[in-house]
Amino acid sequence: MIRIDPAVRLPLFLAIFMVVAFVVAHAWENRIQAPREYSNECSICHHGGHGQVSEIAPIFGRVGPIAQTPAGHHYLVDVLLYGLDGSITAGGAHYNNSMPSFHRLSDDEIARILTFVASQEMPSGAPTFTAADIAAGRAHPMSATDVLQERQKLDLQTPVQ
């Protein structure tokens, strides 16, 4: 058994308590921030996440399943970082529109938004995104047309519906 000097116990306990409090507070802040960031950045075009027939693709209920594979996870990071331009099929409907790049947002903001959207209408096991995922995506700049081509390749492997 490890013996801790009584003079060290209280400062050690306080330090551990502060670290735990910081981690919990940070997680709580992310939980509160994500819906607000989604609302500010995505909701208006995506009509609350459910899209608009023939105009804007729905994202709720779709992003989580797409992100289940490493290639799908990577693709979604690229969509937010670099946008998407061209014709796609989503949820059985056809869309031909442009999504702007959100590269101006921080890695943390993009990760929170993607994690929030992935968790919507997904009962359990929703994928998460980290700032490191976003930073890795930034390391390989693309155009919105390149992202469309990435989607088309992914669609051949695992349909992106």
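This passage looks at the largest pocket and at one helix pair in a predicted model.

The pocket comes first. Rolling a probe the size of a water molecule over the atoms shows where empty space is left. Here, the largest pocket holds about 500 Å³ of space. Its lining runs to 29 residues, and those closest to the pocket centre are His46, Ile59, Val79, Leu84 and Met99. Sorted by class, the lining comes out as 20 nonpolar, five polar and four charged residues.

Several elements pitch in to build that lining. At least two residues each come from helix 1 (6–43), helix 2 (63–66), helix 3 (70–82) and helix 4 (107–119), and the two strands, strand 1 (84–90) and strand 2 (93–99), do likewise. Strand 2 gives the largest share, with five residues.

Helix 4, one of the elements that line the pocket, also packs against helix 5 (residues 131–138), with the two axes 8 Å apart and an angle of about 115° between them. Angles of 65 to 115 degrees count as roughly perpendicular, so helix 4 is described as roughly perpendicular to helix 5. The crossing of helix 4 with helix 5 is right-handed.

As for who touches whom, helix 4 brings Asp107, Asp108, Ile110, Ala111 and Leu114 to the contact, while helix 5 answers with Ala131, Ile134, Ala135 and Arg138. Taken together, the residues of this contact split into six nonpolar and three charged, with no polar ones.

Definitions and conventions:
Residues are numbered from 1 along each chain as its sequence is written. This is a predicted model: local features need pLDDT of at least 70, side-chain atom pairs count only at pLDDT 80 or more; totals for chains, interfaces and linings use all residues. Side-chain values use heavy atoms; hydrogens and water are left out. On a 1 Å grid over the protein atoms alone, a cavity is a set of points where a 1.4 Å probe fits but cannot get out, and a pocket is an open set with protein on both sides within 12 Å along at least five of seven lines; lining residues have an atom within 4 Å of a point. Grid points are joined across faces, edges and corners, and a volume is the space filled by probe spheres set on the points. Helices (H or I, at least four residues) and strands (E, at least two) are DSSP runs, numbered from the N terminus. Ala, Val, Leu, Ile, Met, Phe, Trp, Tyr, Cys and Pro count as nonpolar, Asp, Glu, Lys and Arg as charged, and the others, Gly among them, as polar. Axes are lines fitted to C-alpha atoms, for helices over the stretch in contact, and angles run from 0 to 180 degrees between N-to-C directions. Angles under 35 degrees count as roughly parallel, over 145 as roughly antiparallel, 65 to 115 as roughly perpendicular and the rest as oblique. A crossing is left-handed if the near helix is turned anticlockwise from the far one by less than a right angle, and right-handed if clockwise. Contact means heavy atoms within 4.5 Å.
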